[in-house]
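This text walks through one protein structure and the ligand that goes with it. Please keep the sequence and the model in view while reading.

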Amino acid sequence: MQVPEGVKGAPDWLPPEARVFDAVEAAFLATARLAGYERVRVPVFEQTEVFARGVGASTDIVQKEMYTFTDKGGRSLTLRPEGTAGVLRAALEAGVPRAGALPVKWSYAGEFFRQERPQAGRQRQFSQVGIEAFGSDDPALDAEVVLLGWEALLRAGLERDVLTVRMNTLGDRTDRGPYLERLNAYLDGIAGLPAEVEERRRLNPLRAFDSKAPGMAAIMADAPVLADHVSDDAKHHHETVVTLLEAEGVPLTHDPHLVRGLDYYTRTAFEYQAAGLGAQNAVGGGGRYDGLAEDLGWPERFPGIGWALGVDRTVLALRSAGAEPPLPGRVAAFVVATDTALRGAALALATALRRAGVATDFACDGRSVKAQFKAADRSGARYALVLGPAEIDRGVVTVKDLGSGEQRAVARDAVVDALGL
Ligand code: AMP
C-alpha cells in the first residue's frame, strides 16, 4: 500500500519555509491590527449562492473554478474562492449596516480554494490575509486601504523598488451602460474574436480586458476604457484618492485596463505586483464594491472597500528578491541531560522555561551527550542547558552559549533571568 499523495495544487508548507510563511501572514495581520481592523473568522464554506451572486456570474471563478459540492442534506455548498463575499454576508446577517458606528473595519486570514491550472504562483489552495471597511463612501478610506496594503507588503519585507501599485477607476455601475455599448461596438468591429472572449463578453463585456487569449492584449490596447467614461463624481473621487496616496509617497501606476477578475468592483480598483514572479505577478489586489451588499440581497446600498494579499505568492516574491526575513531558531534553549535517569529533571526544566516564555526543547531516545549537542545546534537554540548528576546535586544548571562556547553554572531558579532572553 502506498501513502496517498497530497492533492494537486494544494501545497504543504513545512519548516523552515513555513516560518517564513507565518512571518508574512503575521506582518499582514499586524498592519491591519495597527490600523484598527479587527479580526473576524468566517467559515471556509458558504452556500454556493453567496459566491455565485457575490463574485459574479461572468467571472472565471464562478464559471469554472469553484469547488462546489452537495452535502448530505442536499444543499449546494462551495469552498470559499475569495474572502469578501463571505465576510460581507456575515456582516449583513449580523445587521452591521443598521448598528451604527460606521465604517466597520475588519480583517481576516485563511485558506481559499480555486480549481485553477496549477503553475508557479498559482495553486488550488492558497492563503490570503484581507481587510474590509464597510459603510463609508469617503475617498480617504480608499486611500487608507490602498496604503495599508502597500505598508503590509513592505512590513513583510518586500522593497519599494520591486513593487508596483496599479490603479484604475471603474466608476459606478450606473455609469456603465453607454460605455459598455461603446466597448461592445468596438469588439463587434473585430473579426474573429476568440470564442472564449465572445462567451465572456455576453455576460460582462469588461471581462474582455482580462482575457489571456493570444492576440487579445493587442486588440484591447485600442479599446475604449471605462476610466474615460465615468461620472464627474466618480472621477473626482478617484482624483482625491490618487492625491492622498501620492502625498503618502505610494508610487501609483495608472492602468486603465485593470478590471480585476471579480464582477463586484466599483470606482477604485487596484493591484499590487511584485517583480520576479513571472506571469503570476500579483501579490494582492482589491477595490471598492458599493453594489455588493445589494447583489447579496440587502435592501439598501451599503458601500465597502477592501483588499486581499496572497501569503504564498508574497513568500515567493521575497525568495525571488533574496529578501526572506532572517528567522529565529526553532527554539531559544535546549536541555541536554547526561543520563536518561534525568529525563524527568530535563522535562521539568524545559517546562519551567516554557512557562517563563522561553522556547525550549530537549532530547529524547537516550542519545549520547554529543548527539544531544548536535540536536541543540540543529534546533537553532542559542543556549544548551546541561543537567548531570553534579548539577542536580548542586541545584544548578550548566548554561552553554552555543555561539561563543562559553559556559557557566547558574542556580536552577535563576536560569531564566541569566539567559536574558
Ligand atoms: P484575487 O482575489 O484574485 O484578487 O487574489 C488576491 C491575491 O491572492 C492575489 O494577488 C494572489 O496573491 C493570491 N491568489 C489568488 N489566487 C491565487 C492562486 N490560485 N494561487 C496562489 N495565490 C493566489
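Pro16 sits in the segment before α1, the helix of residues 17–34. The bond between Pro15 and Pro16 is a cis peptide bond, with an omega of about 0°. The model is a predicted one, and the values given here are computed from it.

A second place with a cis peptide bond is the step from Leu102 to Pro103, where omega is again about 0°. Pro103 belongs to the loop between α4 and β5. Ala101 is found in the loop between α4 and β5 as well. Although Ala101 is not a glycine, its phi is positive, at about 55°.

From this loop the path leads to the sheet. Eight strands make up an open sheet with mixed pairing, and their order is β1-β5-β6-β11-β10-β9-β7-β8. At the edges stand β1 (38–39) and β8 (252–254); each has a single partner strand, so one side of each is left without a neighbour in the sheet. In general, strands of a sheet pair through backbone hydrogen bonds, in either a parallel or an antiparallel sense. Within this sheet, β9 (residues 266–274) and β10 run antiparallel and are joined by six bridges. One position to look for is Gln273, which stands opposite Ala282 in β10.

Another strand pair is formed by β15 (residues 396–401) and β16 (residues 407–411), which are antiparallel and share five bridges. Lys400 faces Gln407 of β16 across this pair. The hairpin of β15 and β16 has five residues between the strands, and in it Gly405 takes a positive phi near 85°.

Next comes the ligand. Which residues are closest to the ligand? Of the 14 residues that surround the ligand, the closest are Arg114, Glu116, Gln123, Gln128 and Arg260. Sorted by class, this shell holds five charged, five polar and four nonpolar residues. Three elements of the fold, namely β6 (125–134), β10 (282–288) and β11 (304–310), each give at least two residues to the shell. The largest share comes from β10, with three residues.

Particular atoms can be picked out in this shell. Arg260 has a polar side-chain atom 2.5 Å from an oxygen atom of the ligand. The backbone takes part too: a backbone N or O atom of Val283 lies 3.1 Å from an oxygen atom of the ligand, and a polar backbone atom of Gly310 is 3.4 Å from a ligand oxygen atom. Taken alone, the ligand exposes 480 Å², of which the protein buries 92%.

What remains is the enclosed space. How many cavities of 30 Å³ or more does a search of the whole structure find? The search finds two. The largest cavity has a volume of about 50 Å³. Its lining includes Leu170, Arg176, Asn204 and Leu206, and also Arg260, the residue whose side chain was placed 2.5 Å from a ligand oxygen atom above. Val259, Leu262, Asp263 and Tyr265 are also among the residues that line the largest cavity. By class, this lining counts five nonpolar, four charged and one polar residue.

The second largest cavity holds about 30 Å³ of space. Among the residues that line it are Val42, Pro43, Glu46, Phe51, Arg80, Tyr108 and Phe112. Two elements, α4 (84–93) and β5 (104–113), give two or more residues each to this lining. The lining of the second largest cavity divides into six nonpolar, three charged and two polar residues. The walk thus comes back to α4 and β5, the elements on either side of the loop that holds Pro103.

Note on methods: Residues numbered from 1 in each chain as written. Predicted model: local features only at pLDDT ≥ 70, side-chain atom pairs only at ≥ 80, totals over all residues. Heavy atoms only, no water. Near = heavy atom within 4 Å. Polar contact = N/O pair within 3.5 Å; in protein donor to acceptor, adjacent residues only side chain to side chain. Areas by Shrake-Rupley, 256 points an atom, 1.4 Å probe, with all protein chains shown as cover. Helix = DSSP H or I, 4+ residues; strand = E, 2+ residues; numbered from the N terminus. Nonpolar A, V, L, I, M, F, W, Y, C, P; charged D, E, K, R; others polar. 1 Å grid on protein atoms, 1.4 Å probe; cavity = no way out; pocket = protein on both sides within 12 Å on 5 of 7 lines; lining within 4 Å. Points joined across faces, edges and corners; volume = space filled by probe spheres on them. Pairing = 2+ DSSP bridges.
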